[in-house]
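Here is a walk through one protein structure, from its overall order down to single residues. Keep the model open as you read.

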Amino acid sequence: MTGTGTTGTTTGTTTGRTDDIWIRAPHPNPGSPVRLVCLPHAGGAASYFFPMSAALAPDVEVLSVQYPGRQDRRHERPVDDLHLLADQLAEALEPWTDRPFALFGHSYGALVGYEVARRLRSAGHHPLALFASGRRAPSTHRDERLHLKPDASLIAELKELDGTVGALLDNEEIVAMIMPALRADYRAVETYVHRPGPGLDIPVTALIGDDDPKVTSQEAARWREHTTSEFSLEIFPGGHFYLADRLMELTSSLKRRLGGATRTPA
C-alpha cells in the first residue's frame, strides 16, 4: 500500500450499476456474505485498498470509494465539505445495501464513514459495524489549519506521515495533479464540526498505530461516545499508515470482528 493512492490509473472493477462513479470492486464476488465499504484518507483514492481487498477475498467483498477529484474522477470538482460529501456518498451507497455490509474508513475516511453511517441508519439501513482507523473521535478537536498553508506545507505533512511517497511527491507534475483534491480534503476535515443528533447503534472499533502523530489512544478511545453498541480499541505497531506494514494482522482482525457474516457455507 502507498499512502496517497492518487497517482496512476484506477485499480478495480465496477459492476455496471448507475452509481459506479463512486464505487470500485477490486475483487468482485457476488457470493461473499458481507461487503466492506472502504473510505480513503485525505488525498487518497480507491486504489489504496486494493491490497486489503485481495487479503479479504473471497470471504469479504471490498467496495472501495472513489471521491470526486482524483484518478478517473480528476476532472470533477473535489468536495471540500465533509457533511456534503457524506450526503452524496450515503445516497450512492443505498443500492449496495442489499447484502450485509460494514464501513471501514482511514483517517479522513473514518469521519466520512461515521457521517455516512449516521445517514444510512436514518434512512433505515443497518451497517454491521464501523471501523474507524487512524482518526480521533468526532467529539475531539485539534486546531489544525494546514489547508490554509502553502502547497509545500501539505506535501511536507504527507512525507512525514508516509515515507513511501517521498519520491512521488518530488515530482512537480504529480503534485500539481493531486493538490486540488488534497487541499479540498484537508479543508473538509479541518473545518468539520460534529453536529448534534442521533449517534450510532452499531459496534464501533477504533484502530490506530501506536506511533501515530495524528491520534492518541485517548483521542481514539472517545469513539465510544458515539455508539450505544459495543466499542473496541485496537492498537497496532506503526505510524499513521500502519496499514501498510500490518495488513495481515488488520485483515485477520476485520474478519474476526465481522464474525459469522464472513463465514461462507460449508
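From the N terminus on, the elements run β-β-α-β-α-β-α-β-α-α-β-α-β-α. That makes seven helices and seven strands in the protein chain. The model is a predicted one. The chain has 266 residues, and 56% of them count as buried. Contacts reach across the sequence. Take those with a separation of 6 or more: 82% of them join residues 24 or more positions apart.

Begin with one helix. Helix α3 covers residues 108-122, 15 residues in total. The distance from its first C-alpha to its last is 22 Å. At 1.5 Å a residue, 21 Å is expected, and the helix comes close to that. How much of α3 is covered? Most of it: 13 of the 15 residues are buried. After α3 comes Gly124, with a positive phi near 95 degrees.

Now look just ahead of this helix. Ser107 sits in the loop between β4 (101-106) and α3. Its phi is near 60 degrees, which is positive although Ser107 is not a glycine. Most residues other than glycine have a negative phi. Is Ser107 buried or exposed? The cut-off for buried is under 20% relative accessible area. Ser107 has 11%, so it counts as buried.

Ser107 also leads to the inner spaces of the model. The structure holds two cavities of 30 Å³ or more. The largest contains about 160 Å³ of space. Its lining is made of 17 residues, and Ser107 is one of the five closest to its centre, along with Ala42, Tyr186, Lys214 and His240. Two helices deserve a look here. α4 (151-161) and α5 (172-190) each supply at least two residues of this lining. The lining of the largest cavity is mixed in class: seven nonpolar, four polar and six charged residues.

The second largest cavity has a volume of about 30 Å³. Val37, Leu93, Trp96, Thr97, Phe101 and Leu120 line it. What classes of residue make up this lining? Five are nonpolar, one is polar, and no charged residues take part.

Next come two backbone features elsewhere in the chain. In the loop between α1 (50-56) and β3 (60-65) you will find Pro58. The peptide bond that leads from Ala57 to Pro58 is cis, and its omega is near 0 degrees. Most peptide bonds are trans. Further along is Gln71, in the loop between β3 and α2 (82-93). Gln71 is not a glycine, yet its phi is positive, near 50 degrees. Its relative accessible area is 4%, so Gln71 is buried.

Finish in the loop between α6 (217-221) and β7 (231-236), where Thr227 is found. With a relative accessibility of 10%, Thr227 counts as buried. What does Thr227 touch, leaving out residues up to four places away in sequence? The residues are Leu200, Asp201, Ile202 and Val204. The side chain of Thr227 also has backbone partners. One of its polar atoms lies 3.3 Å from the backbone oxygen of Leu200. A polar atom of this side chain lies 3.0 Å from the backbone nitrogen of Ser229.

Glu225 has its place in the loop between α6 and β7 as well. Is Glu225 buried or partly exposed? Its relative accessible area is 46%, so Glu225 is partly exposed. Its side chain makes polar contacts with other side chains. One, of 3.0 Å, joins Glu225 to Ser139. Another, of 2.8 Å, joins Glu225 to Arg222. Val204, already met as a contact of Thr227, gives a further point of reference. Glu225 and Val204 stand 21 residues apart in sequence. In space, their C-alpha atoms are 10.0 Å apart.

To retrace the route, go back to the loop between α6 and β7. Thr227 there is buried, whereas Glu225 is partly exposed. Then return to Ser107, which has a positive phi and is among the residues closest to the centre of the largest cavity.

Notes. Residues numbered from 1 in each chain as written. Predicted model: local features only at pLDDT ≥ 70, side-chain atom pairs only at ≥ 80, totals over all residues. Heavy atoms only, no water. Helix = DSSP H or I, 4+ residues; strand = E, 2+ residues; numbered from the N terminus. Buried < 20%, exposed > 50% of the residue type's maximum accessible area, 1.4 Å probe, protein only. Polar contact = N/O pair within 3.5 Å; in protein donor to acceptor, adjacent residues only side chain to side chain. Contact = heavy atoms within 4.5 Å. 1 Å grid on protein atoms, 1.4 Å probe; cavity = no way out; pocket = protein on both sides within 12 Å on 5 of 7 lines; lining within 4 Å. Points joined across faces, edges and corners; volume = space filled by probe spheres on them. Nonpolar A, V, L, I, M, F, W, Y, C, P; charged D, E, K, R; others polar. Expected span 1.5 Å × (residues − 1).
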